[in-house]
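Colleague: I am new to this structure and would like a close look at its nonpolar interior. Please take me through that part slowly, and then link it to whatever lies around it.

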Amino acid sequence: MGLIEGLPLHTYGLAVVAALALWAVYVFCGRKRRPGEPPLIKSWIPFLGEALKFRNDSTGLLLSFKQKYGDNFTLYMTGKYITFLMNPLQFGSIIRSNKHLEFEFSDQAGSKAFDFPPTVNEKFPELNEHLHRMYQYLLGKPLDTLSDKMMKTLQDLLKERFSQATDWKMEKLHKFCFTLIFEASFRTLYGSDPDSCNAVDVIGDKFIKFDAKFPLLALKVPIAFLGSTKRIRKELIDFFYPKKMSKCLEVSEVVQNRMDLFEMYKQLGEYDKAAHHFAFMWASVANTIPATFWAMYYLLRHPEALEVVRDEIDHLLQSTGQKMGPGYSVCLTREQLDNLVYLESAVNESLRLCSSSLSVRSIKKDFMLKLEGNLEISLRKGDWIALFPATVHMDPEVYEDPKNYKFDRYVEDGKRRTSFYKQGRKLKYFLMPFGFGSNICPGRFFAVNEIKIFLFFLLSYFDVEIMEDKEVRSDKSRIGLGIKLPDSDVIFRYRVRS
Ligand code: HEM
């Protein structure tokens, strides 16, 4: 007989009464709204609060609260009170209040998910600041070097693997994007080990398995509850041991400088350093791969858009006297890539539709947040303040017909369009797939270049067509965590252009 069956009936009764009493205490004696604070939306569900509703339809939920409570309100979700700012005209106020706010995720949740010791820690003086300084190697000249390397690597891979496709070949689109972006990004950032096979062949499957569990790790679910994830994470981390990495040739400046920095911290073990490298590698591809998929998927579903983008690319190749194909090598300057306004607009439009980053900062002390128009709200220490840019991306006042894909939304009179309005005022923050403020994604320029380079080569090298007439939707597990994953793959076909 099991332990539970062995208990007398009145013990069950007592347990139920105790649970109900705890729930009643939670609901009736819980937090009260203080003067000056935004409306507080209480939930009947302990710990999870509104999390499940947020997961099911985050934009719909937040917009319904906005309608009822106004531009700012506080929700309870996953054990935290989160104040949302919904009006993009007010977003600048968070950036101006940076000194009262903290970006916990990359350090606390990041250290748990990737298993490195927290960097904000007196054991590692200034490590966090130094790591942030390393992000300069993702800008300016080093960014040009990265983009050039990405261009060369991607062309080599396309020629090596797909140049035989003179007849139509079928492939799953997400798998295709995953293989190419994973391998090309990896080689661009981490170089290649002459004695080893392609990174995607060695760790690609493990990466997919780890990535699938990442949303749970980000919610701080203990890894021990996630089956084989702990073993897989260790195998991925083992791949980045300093001894192994030192064999790699042509390592990028950003990764080399991170390696050198870690060597200066004797307190960091070899496993810790490897875990840091794995975390950075995850950040460099986990969003770029699905973002590339969506950019390509929308173009395939809209042949009229694909034609305009391809014409723009062909025109650039012609005007620079370059040719794509076996035996040729194409090289583009940053300026040339930037001038492809339709290509850039198509990438931005897919980012608008597929990004769902919840940008969260934790509040270090009680303070009054000054908003535009002499408004202010009182915020509490320990709570979070959040922006959910997807609500701006889907706002019909900002974007006409927001649910529809319009590849040229960000082009006006043949030039890049940056004027979008709310309440008659020009918006500074109208497209925010990369977060905001001092913790905005440091890899954003590289990511956009990668996607553009991928589309550039694919469209100039191949004829492409979608083979399945099905609408791919987004998987809900990644809501709030960056680019949504597709809920299924879709078959397309390609052949080398004659
Ligand atoms: C489409 C691709 C990408 C998207 C949508 C994306 C999005 C984001 C977002 C939303 C954040 C958090 C910012 C915040 O909360 O305000 C972030 C952080 C970060 N991203 Fe990206 N990212 C992408 C590609 C990349 C690439 C290619 C790299 C590196 C080469 C990278 C490196 C990082 C790092 C290191 C952080 C943590 C920053 C910190 O600690 O402050 N990301 N990214």
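Modeller: A nonpolar core here is a set of buried Ala, Val, Leu, Ile, Met, Phe, Trp, Tyr and Cys residues joined through C-beta atoms within 7 Å. Please keep in mind that this is a predicted model.

With that term in hand, the largest nonpolar core has 81 residues, and those with the most contacts inside it are Leu154, Ile181, Ala295, Phe454, Leu455 and Phe457. The element that gives the most to this core is α18, with twelve residues. Leucine 154 offers a view from inside: leaving aside its neighbours within four places in sequence, leucine 154 is in contact with Leu180, Ala184, Ile453, Phe454 and Phe457. Apart from this core lies another one, of 27 residues, among them Leu62, Met86, Leu358 and Ile363. As a general point, nonpolar side chains in soluble globular proteins tend to be buried together.

Ile363 of that other core leads on to strand β6, which spans residues 359–363 and is mostly covered, four of its five residues being buried. Strand β6 pairs in the antiparallel sense with strand β4 (residues 101–102) over two bridges, and in this pairing leucine 101 stands opposite isoleucine 363. Strand β6 also pairs with strand β9 (residues 384–387), again in the antiparallel sense, over four bridges; here the partner of serine 362 is tryptophan 384 in β9.

Elsewhere, three strands form an open sheet in the order β5-β15-β14, with antiparallel pairing. Its edge strands are β5 (169–172) and β14 (462–466), each of which pairs on one side only, and the twist averages 30° from one strand to the next. Between β14 and strand β15 (residues 491–496) the antiparallel pairing runs over five bridges, and one of the matched pairs joins isoleucine 466 to phenylalanine 492 in β15.

The positions annotated in the record can be set beside this picture. In an unreviewed entry, UniProt lists Lys112 and Asn287 under "binding site", and it places the feature "binding site", also from an unreviewed entry, at Cys441.

Lysine 112 is in helix α4 (residues 104–114), and its contacts, not counting residues up to four places away in sequence, are Leu217 and Lys220. Lysine 112 counts as partly exposed because 16 other C-beta atoms lie within 10 Å, whereas 20 or more would be needed for a residue to be called buried.

Asparagine 287 is placed in the loop between α12 (270–285) and α13 (288–301). With 26 other C-beta atoms within 10 Å, asparagine 287 is therefore buried, and, leaving aside its neighbours within four places in sequence, asparagine 287 is in contact with Gly482 and Ile483.

Cysteine 441 is found in the loop between β13 (425–426) and α18 (444–461), and that helix brings us back to the starting point, since α18 is the element that gives the most to the largest core. Cysteine 441 itself has 18 C-beta neighbours inside 10 Å and so counts as partly exposed; its contacts, not counting residues up to four places away in sequence, are Phe434 and Gly435.

Key:
Residues numbered from 1 in each chain as written. Predicted model: local features only at pLDDT ≥ 70, side-chain atom pairs only at ≥ 80, totals over all residues. Pairing = 2+ DSSP bridges. Axes fitted to C-alpha atoms, helices over the stretch in contact; angles between N-to-C directions. UniProt positions renumbered as here; feature names shortened; annotations may be inferred. Buried ≥ 20, exposed ≤ 12 C-beta atoms within 10 Å, placed from the backbone. Contact = placed C-beta atoms within 7 Å.
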